[in-house]
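Please open the model in your viewer and keep the selection panel at hand. The stops below are meant to be followed in order.

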Amino acid sequence: MKTGIKNKNIILGVCGGIAAYKSVELLRLLKKQGADVRVIMTKNALEFVGPMTFEALSGHAVCKDLFADTDDASIKHIEWASAADAVVIAPATANIIGKCANGIADDALSTFMLAVTSPVLLCPSMNTNMYLSRPVQKNLETLASYGYVIAEPGAGELACGTSGPGRLPDPPEILDRLTGCLTPKDLKDKKILITAGPTREAIDPVRFISNPSSGKMGYAVARAAEHRGASVVLITGPVNLPDPMNVTVVKVTSAQEMASVVFDYMEQSDVIVKTAAVSDFRPKEPAKQKIKKGDKDEATLFLVKNQDILKELGRRKKDHQILVGFAAETEELERNAGKKLEEKNLDMIAGNLVNHPGSGFATDTNQVTLFHRNGTKEPLSAMGKDEIAHILLDRVLDKIILLDRVLDKIKAQF
Ligand code: PMT
């Protein structure tokens, strides 16, 4: 699936709020992703940020006025509306929310909003009491019922001195939501369970055995699945990443904890993707207190095997479920990944050589070969983990469609 912001025509609406400075960063991120962005500013927005910054970054004149005395300004709202792939209003004030909800068109942005038919992401940002007021909440409900996507504002200390919801989400979060708006919902109604990150196996209260997994690969799969409309549960070891939006995140530490939560969620899942780097062994008896080094030159750690969670999932797997593993290898990728595919009863395994630059642990990119149950293999070139996540989910979708056909045929025979 071709997803993302690249080559998309995006309209960025900027209203008059203290958070308007964040839309400059949002515009920069959108441009970095390869979008063509045009900016519409309200009169009040001009009080907070000058249009020159937006013009320099977008490469287009900013639309500020319906009746500006320039060649093309008078029909901009129609032209831009028909060319838009998506609209994001950030920050969205109570004023623009009220106008959009009630069909009021009295300036460039509100008039444009009546003409646009593409997906709209609205990012409210205002004083907490204003945000929670009944008229604003009612208007937001109305807009949600019209199909607008509303980005929940963050909570915290606001510029006006109050504390509570009303803060504009950070630009990367808005970008993520916008990507979701542009992604077809081909995994709608599917329940997907994803594991990510490392596990930590305690040696004593301050030391543990682990590995360098950053969680980036698993979180990318979770984000991609959520963007495609799936209901996602992400079970993650300790990582330093923000929780993906609209995803149920369960944080665990050890392999045993991960196993217990995974088995709790297994039955209700249509698809399980095990990206986590689970420790194969754990110290048999973690010390209750910090181990003192004393005067010994050597120490012995007695390890016991952790349960192979994926193998157990493969054993319990039902006919309608799709099970995907990852294989982290340093040699003989095909042989080792193929063996895991077979032994763990998987539908697909993504093999990556973790000792290659730009691949495996903690990188933003990965180089993966997909091995399928029917014996075919699909080497992918090195690419971003988000892109790999989408390709992996494309293949999962193919398998779901195939499986549904087979199950329908079986049902028809009885
Ligand atoms: O998190 P990142 O920094 O982005 O790095 C991504 C990654 C390198 C961790 C990821 O791409 C990857 O390869 N994940 C699998 C890591 C791993 O544990 O591989 P493995 O070959 O040891 O295990 C094979 C499969 O069995 C994996 O799906 C693993 O989750 C599962 N397993 C392993 C051991 C165990 N006790 N229980 C398991 O479920």
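**Stop one: the largest pocket**

Begin with the largest pocket, whose volume is about 1,500 Å³; the model you are viewing is predicted. To find its centre, select Gln33, Leu175, Asp176, Arg223 and Asp386, which are the closest to that point among the 37 residues that line the largest pocket. Then colour the helices α1 (20–32), α9 (171–181), α10 and α14 (385–413), the elements that each give two or more residues to this lining. If you colour the lining by residue class, the largest pocket shows 15 charged residues, together with 13 nonpolar and 9 polar ones.

**Stop two: the ligand**

Turn now to the ligand, where the space taken is the second largest pocket. Three elements give two or more residues to the shell around the ligand, namely α10 (216–227), α12 (309–316) and β16 (322–329). Helix α10 is thus one to keep displayed from the previous stop, since it is also listed for the lining of the largest pocket.

Which element gives the largest share of the shell around the ligand? Select β16, which contributes 4 residues. The shell as a whole is made of 28 residues, and those to pick for a close view are Ser213, Ser214, Lys340, Asn352 and Ala362, the closest to the ligand. By class, 12 residues of the shell are nonpolar, 9 are polar and 7 are charged.

Next, display distances from the ligand to the backbone. A polar backbone atom of Thr275 is 2.8 Å from a nitrogen atom of the ligand, and a nitrogen atom of the ligand also lies 3.0 Å from a backbone N or O atom of Gln307. At Phe326, a polar backbone atom is 3.1 Å from an oxygen atom of the ligand. With a surface switched on, consider how much of the ligand is covered: on its own the ligand has 770 Å² of accessible area, and the protein covers 96% of this.

**Stop three: two backbone details**

Most residues other than glycine have a negative phi, and most peptide bonds are trans. With that in mind, select Ala90 and Pro91, which are joined by a cis peptide bond with omega of about -5 degrees. Pro91 belongs to strand β3 (residues 86–92).

Finally, select Asn7, in the segment before β1 (9–14). Asn7 is a residue other than glycine with a positive phi, near 65 degrees.

Note on methods:
Residues are numbered from 1 along each chain as its sequence is written. This is a predicted model: local features need pLDDT of at least 70, side-chain atom pairs count only at pLDDT 80 or more; totals for chains, interfaces and linings use all residues. Side-chain values use heavy atoms; hydrogens and water are left out. A residue is near a molecule or strand if one of its heavy atoms lies within 4 Å of it. A polar contact is a pair of N or O atoms within 3.5 Å; within protein, one must be able to donate a hydrogen and the other to accept it, and residues adjacent in sequence count only if both atoms are side-chain atoms. Accessible areas come from the Shrake-Rupley method with a 1.4 Å probe; for residues, only the protein chains shown count as cover. On a 1 Å grid over the protein atoms alone, a cavity is a set of points where a 1.4 Å probe fits but cannot get out, and a pocket is an open set with protein on both sides within 12 Å along at least five of seven lines; lining residues have an atom within 4 Å of a point. A molecule sits in a cavity or pocket if more than half of its atoms lie within 2 Å of its grid points. Ala, Val, Leu, Ile, Met, Phe, Trp, Tyr, Cys and Pro count as nonpolar, Asp, Glu, Lys and Arg as charged, and the others, Gly among them, as polar. Grid points are joined across faces, edges and corners, and a volume is the space filled by probe spheres set on the points.
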